[in-house]
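The following paragraphs lead the reader through selected parts of one protein model. Please keep the sequence and the structure in view while reading.

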Amino acid sequence: MDREAELRIIRAAYAKQILAAARADNPRLEAALAAIRREDFLGPGPWPMLRGLGEYVTTPDADPVYLYTDNLFGILPERRLNNGQPSLHARLIDQAPPAAGEHVVHIGTGTGYYTAIMAHLTGPSGRVTGIEYEPELAARARANFAASSNVDIVEGDGTAIPFDQADVIYVNAGCTRPAENWLDRLADGGRLILPMTSDKGFQAAAPERMASSGAVFRIERRGHDYFASWISAVAIFPCAGSRDEVSERALADAFEKGGWQKVTRLYRGEEIADERCWVRGPGWCLAYD
Ligand SMILES: C[S@@+](CC[C@H](N)C(=O)[O-])C[C@H]1O[C@@H](n2cnc3c(N)ncnc32)[C@H](O)[C@@H]1O
């Protein structure tokens with residue numbers, strides 16, 4: 001058997017294991033994970049693999065087999081910027097699965113591995129706009145998609161850059177508040193995956209610390225309403241442009257107090273009473289019904 005045939009089997013096994021770890025029953029997502037070559041997005045090996053208490057271990061060599069595990073890999077390891085954990089992404093994408101023909105906006109594309117997974121899901125009749133803040137990563141992503149007609153890579157701040165109305169907005173960096181840009185540009189029926197993190201929420205390795213400093217919410221727009229539900233704990237790199245001190249303090253207090261799993265709504269404006277809010281920032285809140 002040639003090496004590429006072996007790797008196809010390894011990718012198929014990886015896809016099954018990642019879906020099981022994510023507790024997701026999603027054959028289309030499994031097929032996407034089995035099809036996309038992670039090695040095409042991580043630069044030349046050997047690769048820095050994040051292990052244990054946040055240390056990188058270099059893979060013994062450049063055999064792609066090391067990439068088909070549930071590990072994070074450094075894409076700019078000196079900045080602690082990583083290609084995220086496959087089972088976390090599988091869980092989050094499964095909560096807002098892009099359908100064929102849809103427009104996905106990926107905020108924090110990195111070098112594009114999960115952008116490629118979502119482009120596989122939207123298919124040639126759909127498209128993905130990947131926005132990346134770090135110029136070096138945006139350039140690498142652009143090169144990785146040079147031959148793709150359904151992926152557009154934009155360098156800049158995804159909280160401020162205008163984009164066409166989106167069916168899915170997939171945010172891969174930690175915010176203290178939702179960006180107006182995302183709420184405005186989410187289509188009716190569209191889904192926003194929104195990681196909210198306090199300042200403790202980047203390096204949290206222990207599950208209990210992660211749960212009290214980072215939460216991912218699924219927001220679904222229906223007309224002027226934004227329905228919200230908690231989907232995961234998270235520790236993730238901060239989002240440029242979507243953090244401010246007032247919201248950070250409110251979020252840190254809200255994590256102290258607990259109750260994020262009961263959130264049902266995101267409201268814009270100030271009219272919701274404090275007792276209904278899990279967290280309130282200037283002009284928005286995450287609240288209970
Ligand atoms: C945790 S990394 C994930 C990268 C990629 N999704 C992956 O898993 O390979 C977060 C990424 O978000 C980017 N980022 C942070 N704030 C951003 C913003 N406002 N707009 C676009 N990208 C942003 C960072 O530069 C970084 O590449």
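At the start of α8, which side-chain oxygen reaches to the backbone nitrogen of Val246? It belongs to Asp244, and the two atoms are within 3.1 Å; a polar contact of this kind is a pair of N or O atoms within 3.5 Å, in which, within protein, one must be able to donate a hydrogen and the other to accept it, and residues adjacent in sequence count only if both atoms are side-chain atoms. The model is a predicted one, in which local features need pLDDT of at least 70 and side-chain atom pairs count only at pLDDT 80 or more, whereas totals for chains, interfaces and linings use all residues. Residues are numbered from 1 along each chain as its sequence is written, and side-chain values use heavy atoms, with hydrogens and water left out.

Helices (H or I, at least four residues) and strands (E, at least two) are DSSP runs numbered from the N terminus. Helix α8 comprises the 13 residues 245-257, which should span 18 Å at 1.5 Å a residue, and the end C-alpha atoms are indeed 18 Å apart; the expected span is 1.5 Å times one less than the number of residues. Within α8, Ser247, Glu248, Leu251, Ala254 and Phe255 are buried (under 20% relative accessible area, with exposed meaning over 50% and partly exposed in between, for a 1.4 Å probe and protein chains only). These buried residues lie on the same side of α8, because they cover an arc of only 125° around the axis, taken from the directions from the helix axis to the C-beta atoms. On the other side of α8, Glu245, Asp253, Glu256 and Lys257 are exposed. Just after α8, Gly258 takes a positive phi of about 85°.

The sheet is considered next. Ten strands form an open sheet with mixed pairing, in the order β7-β6-β5-β8-β9-β10-β11-β12-β14-β13; two strands pair if DSSP finds at least two bridges between them. At the edges are β7 (151-155) and β13 (277-281), each of which pairs on one side only. Strands β8 (residues 166-171) and β9 (residues 186-197) pair in the parallel sense over four bridges, and Ile169 has Leu192 in β9 as its bridge partner.

A final site is Thr59, in the loop between β2 (55-58) and β3 (72-76). Thr59 counts as buried because its relative accessibility is 3%. A polar atom of the Thr59 side chain lies 2.9 Å from the backbone nitrogen of Trp47, and a polar atom of that side chain lies 2.9 Å from the backbone oxygen of Asp61.
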